[in-house]
Amino acid sequence: MGDGWSGGWWCTGVRWPGEAPELGWRRGGDRRVSVLAYGTGLGFRALGERHCVGARGNVCPLAAVVPGRSTGGRCAECARLDRAHSVAADTLADDPRTYRVYLAWFGPGLVKVGITGEERGAARLREQGAVAFTWLGRGPLMAARRTEEVLRAALGVPDRIPYAGKRAVRGRLPAAGERAEAVAELYGRAAALEGRGWPDSLERLPLEVVDQVKVFGLSGTPAPIRSVRELVDGGVVAGRLVAAAGPDLHLAVTGGGGGGGGGVVVLDTRLITGWDLTAETGNGVGVGVPLIDIGGGGVQGGLF
C-alpha cells in the first residue's frame, strides 16, 4: 500500500490477471487495485477485528467476526454460499463454456490435475502457485471433470495440495530442465490413458511445458524460512517484495525486537482479507505478528 491509502480499506485478496500479482482493496463501495512489483516496499497495519468477506461479491449480512488463522476469511454461511456456486461443486452441468484440463507441478513430489475455464488462460495456475504446468485437454465442463477424475485415480495424484507443502519445497527447486522433465513424464502417463475412460468430447492438447519461476520472481531469491501465522490488532507487516506465488508474497524483512530475525517471510494474503488495513511505511520491522517456521512447524512469537 502506498501514498493515498488513509485507512479503512479491506483487502479482497491477490489476483493474477497477467504476469504481475495484484492486490484488490475495498472501502464501502470503492474498489482499488495495487499492482505489485518485485523490489518495492509493501507495508500495512491491521486494525480492530477481522470480519467475514462475504460471498460472490456480496457483503456478509451478519458482519461476522472470523478467526485470524482462517485462510477462507468467511463465516460458515458465506463459505457455504460461495462453495455452492463454484465449479468444484459440480452444480453447473449445463455450463456452455469450454474448459481446460491441466497438469501442475509445484515441486519434487507435488503434482496435481485440475480444470479451469479456457477464457481465464493461465490465471488459475498462477493463483495456485504452480511452478510449471502443461495443458492436457479441452472440452465441455463435464468431460473435463470426468477426465480429471480418471487421471486422479489412474495416476495417483490429488486435485489439491496444501500451501504449506508448496512453501516447504519452493526454496529448493531443481533446475529448469528437471522441472520440464517432471511435467513431461506426467503428461506421458496421462496421455497413455486416452481411450481408457477419457471422454471422446475432450480434445487432447500437445505437451507444452510452461515454467513460471521467472514470473514468480523465484530465480535467485533467498528461500523463505518463516510465514505469517495470523494478523492481530495493531500488527504490522512490512518489507520488500522479492517474490510471489499464488496467494503468497515473499517479503525480505529486517530483524525485530522479539528475536524474529531477518530473512524472507511468506505472507499468505488469504490471511489479510477482512481486516481493516492502513498503510505502514515503517522501516521493515513488524509489530506483534506471530510467525511459524516453514516446513518445521515450530511457532515463533517473534516480530519482524
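**Strand pairing, aromatic contacts and a pocket in a predicted model**

In strand β8, R204 is the residue that stands opposite G137. This contact belongs to the antiparallel pairing of β7 with strand β8 (residues 203-204), which extends over 2 bridges. The structure described here is a predicted model, and β7 serves as the starting point of the description.

Strand β7 spans residues 132-139, and 7 of its 8 residues are buried, so the strand is largely enclosed by the rest of the structure. Besides β8, strand β7 is joined by 2 bridges to strand β9 (residues 210-211), and these two strands run antiparallel. Within β9, D211 stands opposite A132. A further antiparallel partner of β7 is strand β5 (residues 99-107), with 7 bridges between the two. In this pairing, L103 has T134 of β7 as its bridge partner.

Beyond β7, P140 occupies a place in the loop that leads from β7 to α3 (141-155). The relative accessible area of P140 is 40%, which lies between the 20% limit for buried and the 50% limit for exposed residues, so P140 is classed as partly exposed. In space, the C-alpha atoms of P140 and G117 are 9.7 Å apart, while the two residues are separated by 23 residues in sequence.

A second set of strand contacts involves β14 (residues 276-279). Strand β1 (residues 9-15) runs antiparallel to β14, and 2 bridges join them. Here W9 has L277 as its bridge partner in β14. Strand β4 (residues 41-47) also pairs with β14 in the antiparallel sense, over 4 bridges. D276 of β14 stands opposite L47. L277, which is found in strand β14, has a relative accessible area of 0% and is therefore buried, this value being under the 20% limit. From C-alpha to C-alpha, L277 lies 9.6 Å from V236, with their positions 41 residues apart in sequence.

Aromatic contacts were examined next. A pair of aromatic rings is described by the distance of the centres and the angle of the planes. Over the whole structure, the search finds 3 aromatic pairs. In one of them, the ring centres of W16 and F216 are 5.4 Å apart and the planes stand at 70°; because this angle is over 60 degrees, the pair is edge-to-face. This pair links distant parts of the chain, with W16 in the loop between β1 and β2 (22-27) and F216 in helix α6 (residues 213-216), 200 residues apart. W16 has a relative accessibility of 1% and so counts as buried. F216 likewise counts as buried, because its relative accessibility is 0%.

Another edge-to-face pair is formed by F133 and W135, with 5.4 Å from centre to centre and 75° between the planes. Both F133 and W135 are buried. Together with Y102, these two residues, F133 and W135, form one aromatic cluster. A charged residue is also placed at this site: R100 lies over the face of W135, at 5.2 Å from the ring centre.

A comparable arrangement of charge and ring is found at Y163, where the charged end of K166 sits over the ring, 3.8 Å from the ring centre. Y163 also takes part in the second largest pocket, which holds about 270 Å³ of space. The lining of this pocket comprises 16 residues, of which Y163, A164, R167, S227 and I292 are the closest to the pocket centre. Several elements contribute to the lining: α4 (163-170), β10 (226-228), β13 (263-268) and β15 (291-293) each supply at least two residues. The greatest contribution comes from α4, with 3 residues. Sorted by class, the lining contains 7 nonpolar, 6 charged and 3 polar residues.

Note on methods. Residues are numbered from 1 along each chain as its sequence is written. This is a predicted model: local features need pLDDT of at least 70, side-chain atom pairs count only at pLDDT 80 or more; totals for chains, interfaces and linings use all residues. Side-chain values use heavy atoms; hydrogens and water are left out. Two strands pair if DSSP finds at least two bridges between them. Rings of Phe, Tyr and Trp (its six-membered ring) pair if their centres lie within 6.5 Å; planes under 30 degrees apart count as stacked, over 60 as edge-to-face and the rest as tilted. Buried means under 20% relative accessible area, exposed over 50%, partly exposed in between (1.4 Å probe, protein chains only). A charge sits over a ring if NZ of Lys or CZ of Arg is within 6 Å of the ring centre and within 35 degrees of the ring normal. On a 1 Å grid over the protein atoms alone, a cavity is a set of points where a 1.4 Å probe fits but cannot get out, and a pocket is an open set with protein on both sides within 12 Å along at least five of seven lines; lining residues have an atom within 4 Å of a point. Grid points are joined across faces, edges and corners, and a volume is the space filled by probe spheres set on the points. Ala, Val, Leu, Ile, Met, Phe, Trp, Tyr, Cys and Pro count as nonpolar, Asp, Glu, Lys and Arg as charged, and the others, Gly among them, as polar.
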